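Biologist: I would like to go through this chain with you step by step, and I will ask about one feature at a time.

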Amino acid sequence: MSTMTGIRETARATTDGDPKLGSVPGPEAIQSDAAGRRREDRIVGASEATRRLIAQATAAARSDQPVWLLGPPGSDRELVARAIHSWGSRAERELETLSCAAVPEALQARELFGCAAGVYPAVPGEYVGALERNAGSTLVLLDVDALRS
């Protein structure tokens, strides 16, 4: 694992699946597994809005296309991202969370896109950025508004 200036959390999400939906848990799924551990990939709720959210997340999980989640602070975008990750083929790879606010402005491009050897003195070889590192997996970017153009 490479060192990086930003804060990164690595997690492995798993799911038991719901027999009615194949490998995708439904809204009636409980929030803990057999050992009683909290399940971070569960979205629980009975409202129409929650049912629509679960249907959209299920469709996103079955697709290999990138997903961009938007919502106001406190809307649990990260929970939905973890659910999409664990409900589909992305679960075979690690999920990475990167706090953009924790990456200094001068290193933001390097952290996201990577760089060739010798571009940054502190990075002796080629540096693979978060976008390439997570191709085919899930990258959760926190505090995107902290990125500079």
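Modeller: Before we begin, one term is needed: a residue is called buried when its relative accessible area is under 20%, exposed when it is over 50%, and partly exposed in between. Please also keep in mind that this is a predicted model.

Biologist: With that definition, is Glu78 buried, exposed or partly exposed?

Modeller: The side chain of Glu78 meets that of Arg82 in a salt bridge, with 3.2 Å from N to O, and the two residues stand four places apart in helix α2, which means that about one helical turn separates them. Arg82 has a relative accessible area of 11% and is therefore buried. For Glu78 the relative accessible area is 25%, which lies between the two cut-offs, so the residue counts as partly exposed.

Biologist: How many of the residues of α2 are buried?

Modeller: Arg82 is one of the buried residues of this helix, and others, including Val80, Ile84 and Trp87, are buried as well. The helix is mostly covered, and of its eleven residues the number that are buried is eight.

Biologist: Along the sequence, what pattern of helices and strands does the chain follow?

Modeller: The secondary structure comes to four helices and three strands. Reading these elements in order along the sequence gives the pattern β-α-α-β-α-α-β.

Biologist: Which residues are joined with Arg133 into one network of salt bridges?

Modeller: Arg133 forms a salt bridge with Glu96, their closest N and O atoms being 2.8 Å apart. Because Arg133 lies in helix α4 and Glu96 in strand β2, this pair ties together parts that are 37 residues apart in sequence. Salt bridges with shared partners extend the connection into one network, in which Arg133 is joined with Glu96, Arg110 and Glu111.

Biologist: Turning to another salt bridge, how far apart are the closest N and O atoms of Arg51 and Glu48?

Modeller: These two residues are three places apart in helix α1, so about one helical turn separates them. In an α-helix there are 3.6 residues a turn, and therefore residues three or four places apart point the same way. Arg51, at 42% relative accessibility, is partly exposed, and the salt bridge that Arg51 forms with Glu48 has its closest N and O atoms at 3.1 Å.

Biologist: Which residues lining the largest pocket lie nearest its centre?

Modeller: The space in this pocket is about 950 Å³, and the elements that give two or more residues to its lining are α2, α4 and β3. By class, the lining has 15 nonpolar, ten polar and seven charged residues. Of the 32 lining residues, those nearest the centre are Val67, Leu69, Leu139, Val140 and Leu141.

Biologist: Which residues make the nonpolar surface patch of about 370 Å²?

Modeller: One member of the patch is Leu70, found in the loop between α1 and α2. Its relative accessibility is 69%, which is over 50%, so Leu70 counts as exposed. Together, the residues that make the patch are Trp68, Leu70 and Val144.

Biologist: What is the approximate phi of Asp143?

Modeller: Most residues other than glycine have a negative phi. Asp143, in the segment after β3, is not a glycine and yet has a positive phi. Asp76, in the loop between α1 and α2, also has a positive value, near 60°. For Asp143, the phi is about 55°.

Terms used:
Residues numbered from 1 in each chain as written. Predicted model: local features only at pLDDT ≥ 70, side-chain atom pairs only at ≥ 80, totals over all residues. Heavy atoms only, no water. 1 Å grid on protein atoms, 1.4 Å probe; cavity = no way out; pocket = protein on both sides within 12 Å on 5 of 7 lines; lining within 4 Å. Points joined across faces, edges and corners; volume = space filled by probe spheres on them. Nonpolar A, V, L, I, M, F, W, Y, C, P; charged D, E, K, R; others polar. Patch = residues over 30% accessible without salt bridge, like charges linked within 9 Å, V, L, I, M, F, W, Y side chains within 5 Å. Areas by Shrake-Rupley, 256 points an atom, 1.4 Å probe, with all protein chains shown as cover. Salt bridge = Lys/Arg side-chain N within 4 Å of Asp/Glu carboxyl O. Buried < 20%, exposed > 50% of the residue type's maximum accessible area, 1.4 Å probe, protein only.
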